[in-house]
Amino acid sequence: MKSRATTICCLILFLATEYSHSRFHIRTKDGDKLQGPERKPKTGRIQEKCHGPCSTSSNCSQPCAQHFHGEIGFICNGNKWQKSTETCTSLSVETLFMDSNSASRLSVAAPSITLHILDYQAPEPIRSVAQGIQKNCPLDYACIINAVKSSEATSGNIAFIVELLKNISTDLSANVTREKMKSYSKVANHILDPAVIPNWAFIPDKNVSSDLLQSVNWFARQLHIRNEPEHIVDEFFIQTKGFPINNNTSERSLSFSMNLNNTVEGILGIIEIPRQELWKLPPNASQAVGIAFPTLGAVLKEAHLENAHLPRVVNGLVLSVILPEKLEEILFTFEKINKSQNARAQCVGWHSRKRKWDENVCETTLDTKNRVKCRCNYTNVMMSFSILMSPISVDNRVLDYITCIGLSVSILSLILCLIIEATVWSRVVLTDISYMRHVCIVNIAVSLLTANVWFILGSNFNKKAQDYNWCVAVTFFSHFFYLCLFFWMLFKALLIIYGLLVVFRRMMKSRMMAIGFAVGYGCPLVIAATTVAITVPGRGYVRRGACWLNWDDTKALLAFAIPALVIVAVNLVVVLVVAVNTQRPSIGSSKSQDVAIILRISKNVAILTPLLGLTWGFGIATLIEGTSLIFHIIFALLNAFQGLFILLFGTIMDHKIRDALRMRMSSLKGQSRAVENASLSPTYGSKLMNR
């Protein structure tokens, strides 16, 4: 008996000690927010860096601090070890329910210890989160809150909590109540604090942030709200609201105002359901749920981003909506976080399957310094929306001045070029090759002049409310005439090859004209029309915010860049061929005359081709995110003054044209003097008297 009593006393002492220890875990009442220092979660333990030699791109790992499992990875950058990954976690399925297990063991022993203590058996180990919640807190899921909130927000613990929420959304999302949604949001709120946002960068799995957003949306999709508007969750970094809707409901909206980085004034976000959309609903009641995240946008990582080192910056709340399937269009109002003058906005939706922001599902209807209004399409894979800082918009008055002055000079130069060609035409088109050369110059000038006019129309139109069909038309004609400029340059090169290689058998002028117009206008028309036919149905022809070919989504700009750069390369090769062939002795006087003309054409091509290639080389460079303003200025200069280049190097620098102009001016002066002398002669006076 003494041995039995001793055993009982020891067991009671063990259970009492464990219970006493468990009482000192951090606890908060359901519904209360953490206050004071507890509101700021710890940001993890920093372990010592590697001590080995640091060479470029080498890496190493260190174990986590005591009581943590996992490791910290380091990479050598600039001869210094820098933290790259971290998997340190103190949480596990067992630690989540440790308090509940201790309490259950004590409740078994306390009522009748003398009768049942020898029959006591340890509870079965909890093998999954779903099993633990169903056993300990099936009504409100609150039994996991304390363990999560008392944990340090290391990168490993953040990844564990996201996986925890993902499992709950998958296995325990049936009949989600207000209480369950609150507990779920408290857990998510713990890892969305601005103090722990930097730790997200060290999580090896870059899809964790997307998994969190999708898990919250899926869990909220199963939420059942009552027959009146509800403010369901009001945490610092996640809010949830909902209201019932049907086909008789007037236009409804959900408004959120959330602080960011301890700002005094909240960042505003509004979700509106248009009345015409509500008419699509059946008479029976449905519901709309909205969720707002002020900090989640800072950690959302896009998959397959072309420039991963320049991620697109979210500039407002991330707003999720859960609507009936029949609703398709929804309106948003976002307040900008960065309210600087140059922070242009781009309305976007998060594609949950592609794990990236999609610009095609939203239209920006208003963009002011402080707020942005968006019209977006809602689908089952597109439930979260926000605004991005436009990465490719460069607002600078220097560019505006350069473009305005340059285009004016270019247009005047092209008009002057056409006037000069008309003036000297009869004196310079003495052979078939010289005739076709000047046909090329005229059509190059006409193409660039027309392209500049459409460019001006497109630039002015961008500053106004955009109409998609008109923007498509502006883009098509700009694309077409800029291509014509390059293809007439290509025909010039073909003319050089023809003049060099074909000696004894010349082509009829009419046939050469037909080939010239087929190449100069036919090929560009085929390319431009094909591009429109392929990309317009998916609304991927024009860029967002500019009437020019799309790059981000459909790469339609390649339909201009590839032909232009190929023609530049071909023309440069032709110039090299001319340089080699013209060293050989000429055959016959007519051949020598043609060779002289070909040399003039070659000089013209040799100068204009690099200029055009360099211009659009800089133009393509400006599409790269983060490109320096210098590239934009150089492109604006070269592009705006192309007309002046054509006047100088295609017309004025040709000595034959200068001679013809001089003769034409002399002829005009001679005619005027002859008329003046005739008017002063007596014979001319007597003739006038006799009339």
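**A first look at this predicted model**

1. Let's begin in a loop: Lys555 sits between β17 (546-549) and α15 (558-581). Please keep in mind that this is a predicted model. Lys555 has a positive phi of about 60 degrees, although it is not a glycine. That deserves a glance, because most residues other than glycine have a negative phi. With a relative accessibility of 23%, Lys555 counts as partly exposed, since the partly exposed class lies between the 20% and 50% limits.

2. A second residue of this kind is His67, which is not a glycine and yet has a positive phi of about 75 degrees. Look for His67 in the loop between β1 (59-63) and β2 (71-77). Is His67 buried or exposed? Its relative accessible area is 63%, so His67 is exposed, the limit for that class being over 50%.

3. Now for the overall picture. The protein holds 20 helices and 17 strands. Of its 691 residues, 46% are buried. The accessible surface comes to about 34,700 Å², and carbon and sulfur atoms account for 59% of that area. Take the contacts between residues at least 6 apart in sequence: 72% of them join residues at least 24 apart.

4. One sheet is worth tracing strand by strand. It is an open sheet of five strands, in the order β6-β7-β10-β14-β13, with antiparallel pairing. Which strands stand at the edges? They are β6 (252-258) and β13 (362-367); each has a single partner strand, so one side of each is left without a neighbour in the sheet. On average, and with direction ignored, neighbouring strands of this sheet are turned by 15 degrees against each other.

5. Strand β14 makes a good place to stop within that sheet. On one side, β10 (residues 329-335) and β14 (residues 371-377) pair in the antiparallel sense over seven bridges. Two of the pairings can be picked out by residue: Phe334 has Val372 of β14 as its bridge partner, and Phe332 has Cys374 of β14. Phe332 also turns up in the largest nonpolar core, as one of the residues with the most contacts inside it.

6. β14 also pairs with β13, again in the antiparallel sense. How many bridges link β13 and β14? There are five bridges between them. The two strands form a hairpin, with three residues between them. In this pairing, Glu363 stands opposite Arg375 in β14.

7. The side chains of β14 follow a clear pattern. In a regular strand, side chains alternate between the two faces of the sheet. Along β14, Val372, Cys374 and Cys376 point to one face and are buried. Arg371, Lys373, Arg375 and Asn377 point to the other face and are not buried.

8. On to the interior. The largest nonpolar core has 89 residues, and those with the most contacts inside it are Ile133, Ile144, Ile168, Trp200, Leu212, Phe293 and Phe332. A second, separate core has 60 residues, among them Ile441, Ala445, Leu495 and Val542. Back in the largest core, Leu212 is a useful residue to select: leaving out residues up to four places away in sequence, Leu212 touches Val162, Leu165, Ala188, Ile191, Leu192, Trp200 and Leu296.

9. Ser210 is a polar-contact example, found in helix α9 (residues 208-221). Its relative accessibility is 1%, so Ser210 counts as buried, the limit being under 20%. Which side chain does the side chain of Ser210 meet in a polar contact of 3.1 Å? The partner is Arg355. Setting aside neighbours within four places in sequence, Ser210 is in contact with Leu300, Trp350 and Arg355.

10. Finally, have a look at Val148 in helix α6 (residues 145-149). Val148 is buried, with a relative accessible area of 1%. Not counting residues up to four places away in sequence, Val148 touches Leu96, Ile161, Leu164, Val187 and His190. From Val148 to Phe160 is 12 residues in sequence, and their C-alpha atoms lie 9.9 Å apart in space.

Conventions
Residues numbered from 1 in each chain as written. Predicted model: local features only at pLDDT ≥ 70, side-chain atom pairs only at ≥ 80, totals over all residues. Heavy atoms only, no water. Helix = DSSP H or I, 4+ residues; strand = E, 2+ residues; numbered from the N terminus. Buried < 20%, exposed > 50% of the residue type's maximum accessible area, 1.4 Å probe, protein only. Contact = heavy atoms within 4.5 Å. Areas by Shrake-Rupley, 256 points an atom, 1.4 Å probe, with all protein chains shown as cover. Pairing = 2+ DSSP bridges. Axes fitted to C-alpha atoms, helices over the stretch in contact; angles between N-to-C directions. Polar contact = N/O pair within 3.5 Å; in protein donor to acceptor, adjacent residues only side chain to side chain. Core = buried A, V, L, I, M, F, W, Y, C linked by side-chain atoms within 4.5 Å.
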